[in-house]
Amino acid sequence: PADVGALSGIGLDRVWVVRRPRVAVLATGDEIVPPDVTPKPGQVRNVNQYALRALITAAGCEPVDFGVLPDREPVIRNAMRRALAKADAVLISGGSSVGTKDLTPTVVAAMPRARLLVHGIRIKPGKPTLIARALDKPVVGLPGNPTSALVIFHVFALPLLRLLGGEPAPAAF
């Protein structure tokens, strides 16, 4: 509202804008349960998906929720294809480490025109982060741990989303 007022105050009644970027959110993990379910041993509530949607909205983007996906490669691969077709960027929560159920690197690498740029960074929390490109769109694989996921969102995904939304690159880039 203040910006609209300022623009009209200097005589501008039309401005160029950029469409809000669409950002797909995928969560992976057989252990994830909805917030209203009391977790059993080995289960965790779905924190990341809700937090990421709110962060994406606060960044001026439109979240596109693809739900919680089981740790099965064909299911994650199909969701990734749909996400790349529908969104301008993809955030995947979970599955980016090196365990047998961590399928994100394999799935992302199998996408058309895929390039894994980073897999594993020297940061705590957030070491198993994945940064890639598929179909010329950015893909960020965030750790499943909620604290790690939020740190990685702020350090890597948020500047990326701001660029997609038409903001200038920060000086660090």
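The questions and answers below go through a predicted model and ask why certain of its features carry the names they do.

Q: What makes β4 and β6 the edges of the sheet?
A: The open sheet is built from six strands in the order β4-β1-β5-β8-β7-β6, with mixed pairing. Strands β4 (62-69) and β6 (115-119) each have a single partner strand, so one side of each is left without a neighbour in the sheet. From one strand to the next, the twist averages 15 degrees.

Q: How do you know that β6 and β7 pair?
A: Two strands count as paired if there are at least two bridges between them, and β6 and strand β7 (residues 130-134) are joined over four bridges, in the antiparallel sense. Within β7, R133 is the residue that stands opposite R115.

Q: Which strands does helix α2 touch where it packs on the sheet?
A: Helix α2 (residues 48-58) touches β1 (22-28), β4, β5 (89-93) and β8 (137-142), and its direction makes about 170 degrees with that of β4. Helix α3 (residues 73-86) also packs on the sheet, where it touches β1, β4, β5, β7 and β8.

Q: Why is I10 called exposed?
A: The word is used for a relative accessible area over 50%, and I10 has 63%, so I10 is exposed. This residue, I10, lies in the loop between α1 (2-9) and β1, and together with L12, V15 and V17 it forms a nonpolar patch on the surface, with about 400 Å² of accessible area together.

Q: Why is the contact of D88 and R19 called a salt bridge?
A: The cut-off is a nitrogen within 4 Å of a carboxyl oxygen, and the side chains of D88 and R19 meet at 3.0 Å, N to O. Because D88 lies in the loop between α3 and β5 and R19 in the loop between α1 and β1, the pair ties together parts that are 69 residues apart in sequence.

Q: What makes R53 and D65 a salt bridge, and where do they lie?
A: Their side chains meet at 2.4 Å, N to O, and the limit for a salt bridge is 4 Å. R53 lies in helix α2 and D65 in strand β4, so this pair ties together parts that are twelve residues apart in sequence.

Q: Why does R53 count as partly exposed?
A: Buried means under 20% and exposed means over 50%, with partly exposed in between; R53 is at 26% relative accessibility, and therefore counts as partly exposed. D65, at 35%, counts as partly exposed too.

Methods:
Residues are numbered from 1 along each chain as its sequence is written. This is a predicted model: local features need pLDDT of at least 70, side-chain atom pairs count only at pLDDT 80 or more; totals for chains, interfaces and linings use all residues. Side-chain values use heavy atoms; hydrogens and water are left out. Helices (H or I, at least four residues) and strands (E, at least two) are DSSP runs, numbered from the N terminus. Axes are lines fitted to C-alpha atoms, for helices over the stretch in contact, and angles run from 0 to 180 degrees between N-to-C directions. Contact means heavy atoms within 4.5 Å. Patches are made of residues with over 30% relative accessible area and no salt bridge: like charges are joined within 9 Å, nonpolar side chains (Val, Leu, Ile, Met, Phe, Trp, Tyr) within 5 Å. Accessible areas come from the Shrake-Rupley method with a 1.4 Å probe; for residues, only the protein chains shown count as cover. Buried means under 20% relative accessible area, exposed over 50%, partly exposed in between (1.4 Å probe, protein chains only).
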